[in-house]
Amino acid sequence: MRCAYFMKFLKTTCCAGLLLAALAGCASIRNQRSAEQYIVEGERAWAESVTTGDTATSARILAEDFVGVDPEGNFYDKAGVLAHIGEAPQHFLSNRMDQVKVRFFGNAAVAQGVESWVSRDDEPRHGRFVWTDTWIQRNGRWQIVAAEDLIVPDGDKP
């Protein structure tokens with residue numbers, strides 16, 4: 001009798017454990033999807049901000065210790081981004097995100113994407129940026145801690 005009771009207890013405990021693990025896995029997938037949507041939206045808004053001059057998105061998504069590398073190999077920080085965005089609309093007619101891929105590594109994510117831009121020059125030029133941003137989740141918030149931007153060769157061709 002004890003053996004039958006123990007087996008029933010064991011089956012119930014195992015089923016409950018599997019159910020909890022499955023529920024935790026679903027919650028984790030849901031959290032990752034939500035984080036991915038947040039990251040993609042943040043990247044899109046950051047790309048568009050150079051034509052609108054909107055600094056609010058960058059102020060929100062960039063960590064205080066953020067460091068980026070521009071296409072010429074120069075380092076820049078959050079304050080530099082905010083200053084640049086304020087001046088950027090005089091240089092860019094448009095800038096839009098064409099694609100982005102987000103991969104997660106625990107509380108870190110790497111977003112890699114492509115943006116297309118058009119300058120405000122007398123003879124507007126077209127080009128593309130290719131970039132990699134590293135996001136970290138700190139205190140429940142996802143923020144970019146590092147970025148590297150490249151200009152795609154032949155970027156002046158329409």
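The following paragraphs describe the pairing of aromatic rings in this structure, which is a predicted model.

Ring pairing gives a total of 7 aromatic pairs. One of them joins W46 and F66: the ring centres lie 6.3 Å apart and the planes meet at 80°, so the arrangement is edge-to-face. The cut-off behind this assignment is an angle over 60 degrees between the planes, applied to rings whose centres lie within 6.5 Å. The contact bridges distant parts of the chain, since W46 belongs to helix α1 (residues 2-52) and F66 to strand β1 (residues 62-69), with the two positions 20 residues apart in numbering. Both partners fall under the 20% limit that defines a buried residue: W46 has a relative accessible area of 12% and is therefore buried, and F66 is buried as well, with a value of 1%.

A further pair is formed by F104 and W142, whose ring centres are 5.6 Å apart and whose planes stand at 80°, so this pair is also edge-to-face. Here the link runs from strand to strand across distant parts of the chain: F104 lies in strand β3 (residues 92-105), W142 lies in strand β6 (residues 141-151), and the two are 38 residues apart. F104 has a relative accessibility of 17% and therefore counts as buried. W142 is likewise buried, its relative accessible area being 9%.

The description may now return to helix α1 and strand β1, where W46 and F66 are located. These two residues also belong to a wider grouping, as ring pairs connect W46, F66 and Y76 into a cluster.

How values were computed: Residues numbered from 1 in each chain as written. Predicted model: local features only at pLDDT ≥ 70, side-chain atom pairs only at ≥ 80, totals over all residues. Heavy atoms only, no water. Phe/Tyr/Trp six-rings, centres within 6.5 Å; stacked < 30°, edge-to-face > 60°. Helix = DSSP H or I, 4+ residues; strand = E, 2+ residues; numbered from the N terminus. Buried < 20%, exposed > 50% of the residue type's maximum accessible area, 1.4 Å probe, protein only.
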